[in-house]
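Visitor: Could you walk me through this structure and tell me what the words you use for it are based on?

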Amino acid sequence: MSHDAIENLSHENRSFAPSAAFAAQANATAALYDEARADRVAFWERQARELDWETPWTTALDWSNAPFARWFDGGKINIAVNCLDRHVAAGHGDQVAYHFEGEPGDTRTLTYADMLREVSQAANALESLGVQAGDRVAIYLPMIPEAAIAMLACARIGAVHSVVFGGFSAEALRSRIEDAEAVLVITSDGGNRKGKALALKPAVDEAVVETPTVRNVLVVKRTGQDVEWTDKDIWWHELVGSQPETHEARAFDSEHPLFILYTSGTTGKPKGILHTTGGYLTQVSYTHKNVFDLKPDTDVYWCTADVGWVTGHSYVVYGPLANRATSLMYEGTPDAPHPGRWWELVEKYRVSILYTAPTAIRTFMKLGEDIPNGFDMTSLRVLGSVGEPINPEAWMWYRRVIGGDRCPIVDTWWQTETGGIMISPLPGVTATKPGSAMTALPGISAEVVDDEAHAVGNGGGGYLVLTEPWPSMLRGIWGDNDRYVDTYWSRWKGLYFAGDGAKLDDDGAIWLLGRVDDVMNVSGHRISTTEVESALVSHPKVAESAVVGATDETTGQGIVAFVILRSGVQGGDDVVTELRNHVAHEIGPIAKPRQILIVPELPKTRSGKIMRRLLRDVAEHRAVGDTTTLADGGVMDLISQGLNTPTSSED
Ligand code: WT7
C-alpha cells in the first residue's frame with residue numbers, strides 16, 4: 001500500500017485541448033508515445049539518426065556500469081558541425097541564426113554562414129593558444145553572440161567549456177576555474193545591464209591571480225570601458241579576427257565531455273555537472289523540435305535565458321542551432337530601458353516561440369497588462385515556461401495576455417542535471433492544464449513515489465523520480481563520482497531522485513510541488529509550499545508569493561506567507577484576512593497561513609528562484625543567513641523593515 005508523502009490539496013479543473021489547426025501542422029504526434037513505449041532505446045536511436053555522425057555507434061545504451069551511462073558508444077560526431085556546417089552545406093548559409101539585440105539598442109545579424117566563419121576563426125584561435133581536446137575553458141561573458149561562438153569553438157575542437165554566469169563574483173569564478181583546472185578564460189571588458197556598463201574583466205583579473213592553470217585570458221571588447229591589462233591577456237578581435245576563416249573539424253567520441261556547468265548544491269561546494277556529446281545533442285535537438293514545434297523556415301524563436309544557465313546551453317545554443325532555428329538573443333534585463341522592452345522585441349522581430357521563466361511572468365503580472373497590451377504580439381504561437389512550478393493564475397495570465405488565448409503553453413520540467421527537457425506537454429498532442437507539466441516526454445520514464453519508493457498512483461503526492469537512463473543525463477560530477485552517486489542515486493536503489501516533490505492528479509498528469517526541502521509539516525500534514533503559493537496567486541490582488549514553514553509550538557511548523565500585491569492594490573489588515581480566508585477556501589483550512597506579510601520584493605537567486613531559506617530566517621526571527629547568491633542584496637532589508645508594519649497579522 002502506498003501513502004501520500006506530500007498532501008494533494010489543490011484541484012484544477014481547467015483544461016485546454018490543442019486546436020485542430022495547431023495539431024494538423026504540429027511536428028509531434030501521439031505516435032511518438034507509442035513508438036517510445038514499444039522500444040525506448042530504439043526510439044532514441046531514431047532521434048540520434050537525425051544528426052550527422054561521422055561514425056555510427058555500435059551500442060545505443062550501455063547501462064552496465066549504472067549510474068554511469070554511455071549512449072551511442074562507438075559513434076563519433078562533431079557538435080559544431082551539426083549545429084553549423086551541415087546547415088551551410090545544405091544551402092542555408094544565408095539563414096539568420098541569431099538576431100542579436102544589445103541592451104543599448106545596438107543590433108547584429110548573424111547568419112549560419114557568419115556563425116560558421118566566426119566559430120572556425122575562434123576554433124583556430126583556441127588551437128593557436130595550445131588548447132587541446134579535453135582541456136577546460138572557462139567562459140565568463142554577457143549575453144552576446146561571442147558567448148555562443150566561444151562555446152561552439154570549444155565543442156568544435158573537443159575542449160570542455162565551463163560557462164560561469166556573468167553576474168557571479170570573482171570568488172565564484174575562481175572556485176569554478178580551480179575545480180575544473182581551466183587553461184583559458186574567455187571574458188569581455190563588460191556588459192550592459194540596466195543602462196550601465198557593468199565590468200567583468202576585474203573579476204577575472206582577481207580570479208586568475210589564484211588560478212595558475214590559466215595560461216591566457218581572451219577578452220572580447222563589448223562596452224569599450226577601460227580595462228587593466230596583464231601579460232596573459234589577449235584581445236579577442238585581434239587574435240580571433242586574424243585567423244583563417246575555415247577550420248577542419250574532427251569528430252569526437254559520443255561520450256567525449258562537452259561541458260561542465262556548476263550548480264549550487266544544498267550545502268558547500270558547487271557541483272560541476274558533466275555532460276557529454278552524442279546523447280546530449282540528440283535529446284536537446286529532439287526536445288527543442290517537438291516541445292516548441294520548431295519550424296526552421298518560418299519561426300523566430302526566443303529563449304530569454306542567459307547562457308550562464310543550462311537553459312541557455314540547451315535552448316539558446318545547442319538545440320536551436322542543431323535544428324537550424326532563427327533565434328533572438330537579447331543582452332539585457334526585461335525592464336531596461338522600459339518595462340515593455342520584451343514585448344517591443346517580440347513585435348520588432350515577430351517572435352513566434354517564446355520560452356521564459358515563471359518569475360518573469362509574475363513580474364509582468366505585477367506591472368499590469370497595459371504594458372504588453374501596447375504591442376503587437378500576434379506573431380506568437382507557442383509559449384514555454386521553465387525553472388519553477390508556474391502557478392495556475394500566472395499560467396492563465398501568460399496564456400491570455402501574452403498568448404492572446406491562442407498559443408499552447410508548454411510547462412517544461414527538467415534540471416541542469418537532466419541536460420534537456422524531461423516532462424512537458426507536446427503542443428498539438430497534449431491537452432494542457434494550468435500549472436501542470438503534464439507527462440513525461442516520449443522516451444522518458446518518470447514516476448511519483450512514496451517514502452518506500454512505491455508509486456503513489458493517481459491522486460497521490462510524493463517524490464519525483466526517473467526510472468530509466470536518458471541520453472542527455474549528467475555523466476557525473478566533475479572530479480567527484482562518489483558525490484554523484486550519493487546525491488542522486490542513494491535514496492532508493494536504481495532510481496534517480498531529482499529532489500522535487502510532485503503529485504499525480506486524477507488523470508495521471510504530473511504537478512511539480514517544489515523542492516522537497518521546502519515541504520512544510522503542519523500538524524503531521526506534509527504540505528507543499530507551491531500549493532499554498534498558487535492558492536495565494538489565484539487571488540486577484542496577488543502578483544507573487546513565497547511560503548515557508550516556521551517552527552510552531554503547537555503544530556510543528558506554521559505556514560508563513562510573503563506576498564507581493566499587484567500594482568495599485570493597497571495592503572492592510574483587510575487584505576491579509578481576505579487572503580488567509582482565500583487559501584482556506586481554495587485548498588482547505590489546514591493550509592491557512594498562520595501569518596501573511598505584505599512585502600515589496602522577494603529574495604531570489606540570479607536565476608530567479610525564490611530563496612526560501614532566507615525567508616525562513618525572517619519567519620523564525622533569526623538573523624538572516626548567507627545572502628551572497630541573492631540577485632539583489634538590498635531585498636532582505638526591505639523585507640525586514642516591513643515586518644513591523646500593520647500589514648503583518650498573526651492570530
Ligand atoms: C530545478 C532545476 C531546467 C532549467 C532551469 C532550471 C525546478 C525547473 C520546472 C518546472 C517546476 C521546475 C525544479 C528542478 N524546475 N523547471 N517546469 N516546474 N519546477 O535548472 O537550476 O538545475 O533547477 O528547477 O525544482 O529540480 P536548475
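Guide: Let's start with Ile77, Asn78, Ile79, Ala155, Gly158, Ala159, Phe252, His256, Pro257, Leu258 and Thr277, which line the second largest cavity. The residues are numbered from 1 along each chain as its sequence is written, and this is a predicted model, where local features need pLDDT of at least 70, side-chain atom pairs count only at pLDDT 80 or more, and totals for chains, interfaces and linings use all residues. Side-chain values use heavy atoms, leaving out hydrogens and water.

Visitor: What makes a space a cavity, and a residue part of its lining?

Guide: On a 1 Å grid over the protein atoms alone, a cavity is a set of points where a 1.4 Å probe fits but cannot get out, and a lining residue has an atom within 4 Å of a point. Phe252 and His256 are among those that qualify here. The volume of the second largest cavity is about 50 Å³, counted as the space filled by probe spheres set on points joined across faces, edges and corners.

Visitor: How do the residues of that lining divide by class?

Guide: There are 7 nonpolar, 4 polar and no charged residues. Ala, Val, Leu, Ile, Met, Phe, Trp, Tyr, Cys and Pro count as nonpolar, Asp, Glu, Lys and Arg as charged, and the others, Gly among them, as polar, so Phe252 falls in the nonpolar class and His256 in the polar one.

Visitor: How many cavities of 30 Å³ or more does a search of the whole structure find?

Guide: The search finds 3. About 70 Å³ of space lies in the largest cavity, whose lining is Arg362, Glu388, Pro389, Asn391, Thr530, Glu533, Ser545, Ile610 and Arg612. By class, that lining has 2 nonpolar, 3 polar and 4 charged residues.

Visitor: Why is helix H13 called largely enclosed?

Guide: Buried means under 20% relative accessible area with a 1.4 Å probe, counting protein chains only. In H13, residues 358-367, 8 of the 10 residues are buried, so the rest of the structure largely encloses this helix. The buried ones are Pro358, Thr359, Ala360, Ile361, Arg362, Phe364, Met365 and Lys366. Arg362 also belongs to the lining of the largest cavity. Just after H13, glycine 368 takes a positive phi of about 105 degrees.

Visitor: How do you know that helix H15 is largely enclosed?

Guide: The count settles it: 9 of the 11 residues in H15, which covers residues 392-402, are buried, so the helix is largely enclosed by the rest of the structure. Among them are Trp395, Trp397, Tyr398 and Arg399. Just after H15 comes glycine 404, with a positive phi of about 55 degrees.

Visitor: Which residues are closest to the ligand?

Guide: Asp411, Thr412, Thr416, Asp500 and Arg515 are the closest of the 17 residues that surround the ligand, where surrounding means having a heavy atom within 4 Å of it. By class, this shell has 6 nonpolar, 5 polar and 6 charged residues.

Visitor: What makes a pair of atoms a polar contact there?

Guide: A polar contact is a pair of N or O atoms within 3.5 Å. A polar side-chain atom of threonine 416 lies 2.6 Å from an oxygen atom of the ligand, so the pair qualifies. A polar backbone atom of threonine 412 is 2.7 Å from a nitrogen atom of the ligand, and a polar side-chain atom of lysine 609 lies 2.9 Å from a ligand oxygen atom. Both distances are within the cut-off, so these count too.

Notes. A polar contact is a pair of N or O atoms within 3.5 Å; within protein, one must be able to donate a hydrogen and the other to accept it, and residues adjacent in sequence count only if both atoms are side-chain atoms. Buried means under 20% relative accessible area, exposed over 50%, partly exposed in between (1.4 Å probe, protein chains only). Helices (H or I, at least four residues) and strands (E, at least two) are DSSP runs, numbered from the N terminus. On a 1 Å grid over the protein atoms alone, a cavity is a set of points where a 1.4 Å probe fits but cannot get out, and a pocket is an open set with protein on both sides within 12 Å along at least five of seven lines; lining residues have an atom within 4 Å of a point.
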